[in-house]
Amino acid sequence: MDTKELLKKVRKIEIKTRRLSDHIFGGEYHSTFKGRGMTFSEVRQYQFGDDVRNIDWNVTARYSEPFVKVFEEERELTMMLMVDVSGSELFGTEQQFKNEVVTEIAATLAFSATQNNDKIGLILFSDNVELYIPPKKGRSHVLRIIRELIEFKPASRQTNLVEALKFMQNVMKKKAIVFVLSDFIADDYHQTMKIVSGKHDVTGIRVYDKHEESIPNLGMVQMQDEETGELMLVNTSSKKVRLNYSKFYNEKVAYYKESFTKSGAGAIDCRVDESYVKKLLGYFKRRG
């Protein structure tokens, strides 16, 4: 993709997703993800109705009259976008590929965070962390994130969510809002998920195509495993083959939902032909 075409694509995504974050998600995001807590601001004289637990006894003793501590909500947060760039994300049979929908969702979330003056960081992962952009503020930083989401070419086509989660845990020392965008065709991440969501506010966004849920009966078909690149002949007219595939797929989805919800994390399902706007808004409203 040449630079002109890339910039055009970035601009198109910015216009669409920024409008969404301005009109819809800004307020919802703010009320859903509140600050880390309260920080001490100043002391003032005690007034009737003040909480006695906020009395500053040192200042009170010095002036022989009661003074209370005033606290302010610590608003600034950090959002970390963790995006799966493995081979399976290139799947798509409807109007859009999964990775295109993922890019739009990530951009919408990033602009919502920007409105809040929060920092945004990015982790692109396959079975390794392929790219890490440390959290920063501002529009130009968000545009860099969108640019990477559009044109990044991963070195590996496989997925290892555990490695990505451990990396995020190591680089993010303070509590962060974490969105993990993937199809979650991954294994054995429940334990790591539990540890990570004990410290961070984590939400999984599963982006999938309805044609991945089952294999149609098309006779002998040559298929390629998107993650290994392996070509194989599959007899799709075999009922057993179709049932085994459905079982495999449904087990992965169930594992994702269980791993996230039992860890205290949020979980959103978003099909590429459905409105991710409705899905995100519904999630923010339930949490707000």
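1. Helices α5 and α6 are roughly parallel to each other, because their crossing angle stays under the 35 degrees that bounds that class. The angle is roughly 25 degrees, and the axes of α5 (residues 161-171) and α6 come within 10 Å. The model is a predicted one, and the points below should be read with that in view.

2. The α5 and α6 crossing is left-handed. On the α5 side, the residues taking part are Val162, Leu165, Lys166, Met168 and Gln169, and they meet Thr192, Met193, Ile195, Val196 and Lys199 of α6. Sorted by class, the contact of α5 with α6 holds six nonpolar, two polar and two charged residues.

3. The second helix pair to note is α3 (residues 98-115) with α8 (residues 276-287), packed at about 40 degrees with axes 11 Å apart. That angle makes α3 oblique to α8. The crossing of α3 past α8 is right-handed.

4. Which residues of α3 and α8 meet? From α3 come Val101, Glu104, Ile105, Thr108 and Leu109, and from α8 come Tyr276, Leu280 and Phe284. The contact of α3 with α8 contains six nonpolar residues, one polar and one charged.

5. Phe284 deserves a separate entry. This residue of helix α8 takes part in the contact with α3 and has a relative accessible area of 0%, so Phe284 is buried. The C-alpha atom of Phe284 lies 5.9 Å from that of Thr32, although 252 residues separate the two along the chain. Thr32 is in helix α1, which spans residues 3-32.

6. Leu20 is also part of helix α1. Its relative accessibility is 13%, which is under the 20% limit, so Leu20 counts as buried. Between Leu20 and Ala107 the C-alpha distance is 9.9 Å, for a separation of 87 residues in sequence. Ala107 falls within the range of α3, residues 98-115.

7. For the chain as a whole, the secondary structure amounts to eight helices and 10 strands. There are 288 residues, and 45% of them count as buried. Of the contacts with a separation of 6 or more, 75% are between residues 24 or more positions apart; the pairs in points 5 and 6 are given as C-alpha distances and are a separate matter. The accessible surface of the chain is about 15300 Å², with 51% of that area belonging to carbon and sulfur atoms.

8. Is Thr236 buried or exposed? Thr236 counts as buried, since its relative accessibility is 0%. The residue sits in the loop between β9 (231-235) and α7. Apart from neighbours within four places in sequence, the contacts of Thr236 are Ile215, Pro216, Asn217, Leu218, Gly219, Val221, Met223 and Arg242. Arg242 falls within helix α7, residues 239-262, so this loop residue touches the helix that follows the loop.

9. Ser246 lies in the same helix, α7 (residues 239-262). With a relative accessible area of 19%, Ser246 is buried, because the class takes in values under 20%. Setting aside residues up to four places away in sequence, Ser246 touches Glu213 and Ser214.

10. Two loop residues other than glycine have a positive phi and may be listed together. Asn117, in the loop between α3 and β4 (119-125), has phi near 65 degrees. Phe184, in the loop between β6 (177-182) and α6 (190-199), has phi near 55 degrees.

11. How do Asn117 and Phe184 stand in terms of accessibility, and what are their classes? Asn117 has a relative accessibility of 46% and therefore counts as partly exposed, a class that runs between 20% and 50%. Phe184 has a relative accessibility of 1% and so counts as buried. The loop holding Asn117 follows α3, the helix that packs with α8. The loop holding Phe184 leads to α6, the helix that packs with α5.

Note on methods:
Residues are numbered from 1 along each chain as its sequence is written. This is a predicted model: local features need pLDDT of at least 70, side-chain atom pairs count only at pLDDT 80 or more; totals for chains, interfaces and linings use all residues. Side-chain values use heavy atoms; hydrogens and water are left out. Axes are lines fitted to C-alpha atoms, for helices over the stretch in contact, and angles run from 0 to 180 degrees between N-to-C directions. Helices (H or I, at least four residues) and strands (E, at least two) are DSSP runs, numbered from the N terminus. Angles under 35 degrees count as roughly parallel, over 145 as roughly antiparallel, 65 to 115 as roughly perpendicular and the rest as oblique. A crossing is left-handed if the near helix is turned anticlockwise from the far one by less than a right angle, and right-handed if clockwise. Contact means heavy atoms within 4.5 Å. Ala, Val, Leu, Ile, Met, Phe, Trp, Tyr, Cys and Pro count as nonpolar, Asp, Glu, Lys and Arg as charged, and the others, Gly among them, as polar. Buried means under 20% relative accessible area, exposed over 50%, partly exposed in between (1.4 Å probe, protein chains only). Accessible areas come from the Shrake-Rupley method with a 1.4 Å probe; for residues, only the protein chains shown count as cover.
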